[in-house]
Amino acid sequence: MTVEFALDDQQRDFAASIDAALGAADLPGAVRAWSAGDVAPGRKVWAQLANLGVTALAVPERFDGLEAHPVDLVVALERLGRWCVPGPVAESIAVAPVLLASDDQADRSAGLASGELIVTVAMPPQVPRAVDADTAGLVLLASDGSVTEGTPGECHQSVDPSRRLYEVTASGQAWRANVVRAYEFGALATAAQLVGAAEALLDAAVDYAKQRSQFGRVIGSYQAIKHKLADVHIAIELARPLVYGAALSLEPGDVSAAKVAAGEAALLAARSALQTHGAIGFTQEHDLSLWLLRVQALRSAWGTPAAHRRRVLEALEERC
């Protein structure tokens, strides 16, 4: 039996509004500035997301959030991946609302909803380091059902220069939170971003294939190129329903299956885009490199492919 997922008009309009706002912004410039330590352009992008309600999606209504369905969250996160938005996207928009969902964290939750507060999270062992802990307004350390404020320590460079990773140590009093659920949201949000990034890479490859010539013909006219790009399109269209299905169930096996499929689709898109562009695509001057590096970073964020494959296998064994 085939299961089809279709967004309603409101969700499609929401995605289009995000595309319109981010398409008008200079996201490549913001990502490069973020990598260089200048977060001001990226903060302007986050302010736009707040105006659209993206930062409030997962925040409970009692804290001035929208308390939207996880599917709506996936709709937004896919578009943010499409535009390569810098900062702790999954951590602040999807994970932190779960970890700050208690009444004694009401002010912080309201800050999340308004976009005034950007949060990053470490959740060892799955997420041992917090991304962008130097620029986030709040660093959280979550483990074994409890959460504390965290203090950033040693910085580690990521394969993506716009994602600096920090060791985190606990500071302050702990509070209880649904850390297990928060992890599923983090993995799901990362999978959605990977689908969006894969779509961006496919679009870039298709556009370039119409322009680049070889042996007197545009390379897009060659069957081998057409087949390669078609394979990417198929991989994306296979991954996307898994991501939306995981948003409906939030079962660990479903979330992990979505993360693996999204990561493989994004990796295939990255390889195909690089092959289509040639070496120029991986130069710092070319915008394609920003998405190539983001895909490499996100594939291992919130659980490596191997870890998620193990969870899929465990889920299958439980069902048998």
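Which residue in β5 is the bridge partner of S146? It is R176. I will come back to that pair's strands after some housekeeping.

This is a predicted model, in which local features need pLDDT of at least 70 and side-chain atom pairs count only at pLDDT 80 or more, while totals for chains, interfaces and linings use all residues. Residues are numbered from 1 along each chain as its sequence is written, and side-chain values use heavy atoms, with hydrogens and water left out.

First, the sheet. Helices (H or I, at least four residues) and strands (E, at least two) are DSSP runs, numbered from the N terminus. Two strands pair if DSSP finds at least two bridges between them. On that basis there is an open sheet of 5 strands with mixed pairing, in the order β1-β3-β4-β5-β2. Its edge strands are β1 and β2 (130–131), each pairing on one side only. Strand β4 (residues 146–156) and strand β5 (residues 165–176) run antiparallel and are joined by 8 bridges. Strands β1 and β3 (residues 138–143) run parallel, with 4 bridges; V121 has L140 as its bridge partner in β3.

Strand β1 (residues 119–122) is covered on both faces. V119 and V121 on one side, and T120 and A122 on the other, are all buried, meaning under 20% relative accessible area with a 1.4 Å probe, protein chains only.

Next, the cores. A nonpolar core is a set of buried Ala, Val, Leu, Ile, Met, Phe, Trp, Tyr and Cys residues joined through side-chain atoms within 4.5 Å. The largest one has 93 residues, and L99, M123 and W302 have the most contacts inside it. Helix α7 (residues 179–209) gives the most to this core, 18 residues. Apart from it lies another core, of 7 residues, including A122 and V139.

As for M123, leaving aside neighbours within four places in sequence, its contacts (heavy atoms within 4.5 Å) are V95, L99, A142, V179, A182, Y183 and W302.

W302 also appears in the last item, the largest pocket, where P128, L165, S300, A301 and W302 lie nearest the centre among 21 lining residues. A pocket here is an open set of points on a 1 Å grid over the protein atoms alone, where a 1.4 Å probe fits, with protein on both sides within 12 Å along at least five of seven lines; lining residues have an atom within 4 Å of a point. The elements giving two or more residues to that lining are β2 and α10 (288–300), and α10 has the largest share, 3 residues.

Note on methods: Buried means under 20% relative accessible area, exposed over 50%, partly exposed in between (1.4 Å probe, protein chains only).
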